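The paragraphs that follow lead the reader through one structure. They take up strand pairing, then pockets, then the nonpolar interior, and close with a single residue.

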Amino acid sequence: MRIPRAQADAIAAHARSGYPHEVCGVLVGTTGEGAVQVARAVAVANRETERPAVRYQIAPEDLIGVQRSVREEGLDIVGYYHSHPDHPARPSETDRRIAAEGLSDGVVHIVCGVAGGRDTVATAWVFRDATQAFEEEPFEIE
Ligand SMILES: [Zn+2]
């Protein structure tokens, strides 16, 4: 997965500003031969109301809104990002279960750990239906 530096920085800044709650967003870009190319990370509201420190939820209408707004540019939704406040920057078992419930094969997930509201570390993962698991993906900043 390749992502422009400004967009990777925007994800980290979003993770810090939302701390101690999880923040989330949508990755738009292009897929084709080779790596997924992220063009932009679009922040969306975390709709989780009960446990926003450890869960996130993206509303379907927010997804549709993003998809409509980027279609003219020839972009599509290629994945998602969310933060893990004071938790490791890797998908949790809950993340795996939710991905397994959907049609998630090949979808990129960026997980941005944010410790103490300051230090961030982001990793990228691709969900595979065949194994029902996330595989770590190179996080290439360009
Ligand atoms: Zn998570």
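Two strands are said to pair if DSSP finds at least two bridges between them. The model discussed here is a predicted one. Within it, strand β2, which covers residues 24–30, and strand β3, which covers residues 37–44, run antiparallel and are joined by seven bridges. One of the residues involved is C24, whose bridge partner in β3 is V44. Six residues lie between the two strands of this hairpin, and among the hairpin residues G34 adopts a positive phi near 85°.

A further antiparallel pair is formed by β6 (residues 119–128) and β7 (residues 133–137), with five bridges between them. Here V126 is placed opposite E135 of β7. The hairpin of β6 and β7 has four residues between its strands, and Q132 takes a positive phi near 55° in it.

The description now turns to the pockets. The largest pocket has a volume of about 370 Å³. Its lining consists of 16 residues, and those nearest the centre are Y56, Y80, I98, S104 and H109. Two elements, α2 (60–71) and α3 (93–101), each give two or more residues to this lining. The greatest contribution is that of α3, with three residues. By character, the lining of the largest pocket comprises 11 nonpolar residues, four polar residues and one charged residue.

The second largest pocket has a volume of about 200 Å³. It is lined by 14 residues, of which E22, V54, R55, H84 and S92 are the closest to its centre. The elements that supply two or more residues to this lining are β4 (76–85) and α3. Once again α3 provides the largest share, with three residues. The lining of the second largest pocket is made up of six nonpolar, four polar and four charged residues.

From the pockets one may pass to the nonpolar cores. The largest nonpolar core holds 18 residues, and the members that touch the most others are M1, I3, I11, L27, V108 and I110. Two or more residues of this core come from each of α1 (5–18), β3, β4, β5 (108–115) and β6. The largest share belongs to β5, which gives four residues. What does I110 contact, leaving aside its neighbours within four places in sequence? The residues in contact with I110 are M1, I3, I11, L27, Y80, Y81, H82, A122, T123, A124 and F139. Separate from this core is a second one of nine residues, which includes C24, V44, Y56 and L75. Two of these names have already appeared together, since C24 and V44 are bridge partners, while Y56 is among the residues nearest the centre of the largest pocket.

The last residue to be considered is P91, which is located in the loop between β4 and α3. Is P91 buried or exposed? Residues under 20% relative accessible area are classed as buried. P91 counts as buried because its relative accessibility is 16%. Not counting residues up to four places away in sequence, P91 touches H84, V111, W125 and F134. Of these, H84 is also one of the residues closest to the centre of the second largest pocket. By contrast, P91 and S69 are 28 Å apart in space, C-alpha to C-alpha, with a separation of 22 residues in sequence.

Definitions and conventions:
Residues numbered from 1 in each chain as written. Predicted model: local features only at pLDDT ≥ 70, side-chain atom pairs only at ≥ 80, totals over all residues. Heavy atoms only, no water. 1 Å grid on protein atoms, 1.4 Å probe; cavity = no way out; pocket = protein on both sides within 12 Å on 5 of 7 lines; lining within 4 Å. Points joined across faces, edges and corners; volume = space filled by probe spheres on them. Nonpolar A, V, L, I, M, F, W, Y, C, P; charged D, E, K, R; others polar. Core = buried A, V, L, I, M, F, W, Y, C linked by side-chain atoms within 4.5 Å. Buried < 20%, exposed > 50% of the residue type's maximum accessible area, 1.4 Å probe, protein only. Contact = heavy atoms within 4.5 Å.
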